[in-house]
Amino acid sequence: MKYYQRTIEDVLAVLSSSQEGISQDEAKRRLLEYGPNELKETKKTTPLGMLLDQFKDFMIIVLLAAAVISGIIGEAVDTIAIVVIVVLNAIIGFMQEYRAEKAMEALKLMASPTATVIRDGITTAVPSPEVVPGDIVLLEAGMVIPADLRLIDVAQLRLEEAALTGESVPVEKSTPPLHEEMIPLGDRRNMAYKGTVVSYGRGKGVIVATGMETELGRIATMLQEEEEVKTPLQKRLASVGQRLAIAALAICLIVFVIGIIRGESPVMMFLTAVSLAVAAIPEALPAVVTISLSLGAMKMVKQSVLVRKLPAVETLGSVTYICTDKTGTLTMNRMSVEEIFVDGKILKGEEFLNPAETGEAFSILMKAMALSNDARVADGGKVMGDPTEAALFNAAKATGFDRGRLEEELPRVAEIPFDSDRKCMTTLHRIPPISPFIKGGLRGIVSEGMGGFVSFTKGGVEVIIEKADHILTSAGIEAIDKDKLIRMSERMAADGLRVLAIGMRRWDAVPEDMGHGHVEEGLTLLGFTGIMDPPRKEAMEAVALCKSAGIRPVMITGDHPITARAIAMRLGILDDEDEVMTGPRLERLSMEEFEEKVEGIRVYARVAPEQKLKIVKGLQDRGEFVAMTGDGVNDAPALKRADIGIAMGITGTDVSKEASHMILLDDNFATIVASVREGRKIYDNIRKFFKYLLTSNSAEIWTIFLAPFLGLPMPLLPIHILWINLVTDGAPSLALTVEPAEGDVMKRRPRPPGEGLFAGGMWQHIVWVGLLMGGVTLLTQAWAIRTGHGHWQTMVFTVLCLSQFGHVMAIRSEKESLWTQGLLSNKTLLITVIFSVLLQLATIYVSLCNRIFKTEPLSLDELLFTLAMSSVVFFAVEVEKWFKRRQTHP
């Protein structure tokens, strides 16, 4: 039932209640009928179950099998390394899943412990879980609303609803019914919702919904129903890992069978096949991915981003849409006066902050802005109070009109507070007989030495114009042209400004009748102020960078469409011809109709936070990858559903933070864009790791696989394969994770969400470079045998190992030459390669290693030939990159 449309009497009748409340007996009966006023949770997976789930992945099972086989053949180091990697991976996965369950707990913490209700006509305090529909609840400042209420009595009641609706300022409440059919949650002024807080005034309401039937309960239901979407990397790794493991095992079986057919020793061929399988399965894959993401997360903390779920770091690189709140993220989250209308002219920004000349009308308007104001300066210099009043206070102060000094000259003696029916407020000030205020103008109103009183009234434009008879100009007081002034205010409002008017009236004495009907009439209009939460400068640059990177920024706000359009156009999000989608219109569209339009919409206005879920689903159904920001409780389902849910660190609720993938510590849109850059770099580095690892593994397989067909003896021993796997797959591949971002990282379009890990020519590179590396190795073997070099196996072993180091140096960039990048731009990789080369040389020239690895020292000629053959792959890949550069810049 839409209780906000019903009269108080109707609502009480429907709920079988009255102003005296229900009886205690009836309350007990209803508690049994409706159940406790609590949020219920679905059955959760136990922590042990979560931990065991981490070991169900196919790749993890293969790695564990590889660990067992490594242990059987005596490779304890490999066994320990694989087990450590698998356990660490499981712990990280468990921690992420466990933390994700905390969102519901944070939601429960928003409940009020007790409620003050009227039962049997007596006021009593009851535990919040025991309130029922029909209970009359008393409200006062500081209370948390215990359930959803239809308000039946208010006295200047204001509620802090930011957590639920996104509305940043307290909302003034009223009791009359609302007649519109579809009204966003934040505009239901006669309702109060569970979990919101009374910030001012007092009131009374009847409970219309409890527990899971409340708006907070609906969010809890969505939060539990909404499944997290797997990240692109998670999907790709699951697929790639499975295929690689199957392919590696199949090839090893073929190698074993061919060896037996050729008459090789079965034991020798079994050990060779097993060694090849251990080498071919990329056991370093989970470690490299985890380390890449962890390093990225650590770097992003320095950029004011706290990553809660590691895979989110990489997902940022896939993002095609960034859907962001307006207030505080794209804007300063601080209202400021952008324009004023005074003396027949509009002054913008610097024009009124540093005016060429200050006339009498300007001076008096500034004094009125400073004096008719309840904002105050707190300890530390921060201006506290209503955001609109703080904006007027700051603007007056910036132009040299300090309220502290002005109040000494013109002390406040009376006031009529603002209320939502009148839409204005008034303050009355004493004028000393000799006052700079008089010397500043007011000729015809106040004579010098006369003294008296002056009242300032500020409020909505139409309200003040109706109450005004004259307007103050530099020429003095003139008759008012109401139509012209209304048109002027509409022009200011069209720029997205909230326009206020300020008037004044001269009094000889404090009026005996301080009623607003008497005091707020016969005003002289001083001017208008245009107020806005202005865009962040860095947000404009970030929006431009988004566009160059092929990412579409979308603004979502609860503000008026005119304000939303003005901000979006200033930021460059919206063009003149683009439409603004409003919440009520979005509500009317079916999912199918919305999905036809969703990719063309850049701005949503008057949108309830729960509609963000519809926007996320609409974009995802069109194949887009969505980053969504949010700070309120009912942003949580959308944050959980989005490919990247980004909670606000400053204004965000605990619920939104627990449902998110990452937290924006400075609430700044530019920080999101900087994170996208980091995400793209990380994905690039993971691709480089794959390119390096799979090319190396394929070279080892080609070398063993092709040798029999070329009439060559088994080129490598099992221990050689395991050594190459240890020194080349380990440290160098990890060093690729710290490779700096390439220069064009934010000039590319986002990679298509469905794009495979091997797209962009990567699988072709793996095949041809793997074949080249294997071919160079076998050519070394054939040459050494034909020319009578007895150390041929040591030469083969060394060429295959060192070729992989040359390859890792060459693939640091997709297109740039290593010499352009500079050897020292990734010092970690350089040091790792040098150290690994020294280890390889130790296997050749250290006698103990000769016995372990069955190697022999090479002569100088053999070593030089080996080094020359090892460099072939490096120079071949550099030539490939030269051709790529030629294609990009012919």
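A residue counts as buried here when its relative accessible area is under 20%. By that yardstick, 54% of the 890 residues in this protein are buried. Keep in mind that you're looking at a predicted model. The briefing starts with the whole chain, then goes to a couple of hairpins and a patch on the surface.

**The whole protein**

- The fold has a mix of secondary structure, with 37 helices and 26 strands.
- Take the contacts in the protein with a separation of 6 or more: 72% of them link residues 24 or more positions apart.
- On the outside, the accessible surface adds up to about 37,200 Å², and carbon and sulfur atoms hold 59% of that.

**Strand E10 and its two partners**

- Strand E10 covers residues 336-342, and 7 of its 7 residues are buried, so the strand is mostly covered (buried being under 20% relative accessible area).
- One partner of E10 is strand E20, residues 523-532. The two run antiparallel and are joined by 5 bridges.
- If you want a landmark for that pairing, go to Phe341, whose bridge partner in E20 is Phe528.
- E10 also pairs with strand E11, residues 345-348. This pair is antiparallel too, with 4 bridges between the strands.
- For the E11 side, find Ile340, which sits opposite Leu347.
- E10 and E11 make a hairpin that leaves 2 residues between the strands. Have a look at Asp343 in this hairpin: its phi is positive, near 55 degrees.

**The E17–E18 hairpin**

- Further along the chain, strand E17 (residues 468-473) pairs with strand E18 (residues 476-479). They're antiparallel and share 4 bridges.
- This pair is a hairpin as well, with 2 residues between E17 and E18.
- Thr473 has Gly476 of E18 as its bridge partner.

**A nonpolar patch on the surface**

- Ile291, Leu295, Met298, Leu734 and Val738 come together as a nonpolar patch on the surface. Between them they offer about 380 Å² of accessible area.
- Helix H11, residues 285-302, supplies the largest share of the patch, with 3 residues.
- Leu295 is one of the patch residues, and its place is in H11.
- Leu295 has a relative accessibility of 34%, so it counts as partly exposed. That label fits because partly exposed runs between the buried limit, under 20%, and the exposed one, over 50%.
- The 34% also explains why Leu295 can join a patch, since patch residues need over 30% relative accessible area.

Key. Residues are numbered from 1 along each chain as its sequence is written. This is a predicted model: local features need pLDDT of at least 70, side-chain atom pairs count only at pLDDT 80 or more; totals for chains, interfaces and linings use all residues. Side-chain values use heavy atoms; hydrogens and water are left out. Patches are made of residues with over 30% relative accessible area and no salt bridge: like charges are joined within 9 Å, nonpolar side chains (Val, Leu, Ile, Met, Phe, Trp, Tyr) within 5 Å. Accessible areas come from the Shrake-Rupley method with a 1.4 Å probe; for residues, only the protein chains shown count as cover. A salt bridge is a side-chain nitrogen of Lys or Arg within 4 Å of a carboxyl oxygen of Asp or Glu. Buried means under 20% relative accessible area, exposed over 50%, partly exposed in between (1.4 Å probe, protein chains only). Contact means heavy atoms within 4.5 Å. Two strands pair if DSSP finds at least two bridges between them.
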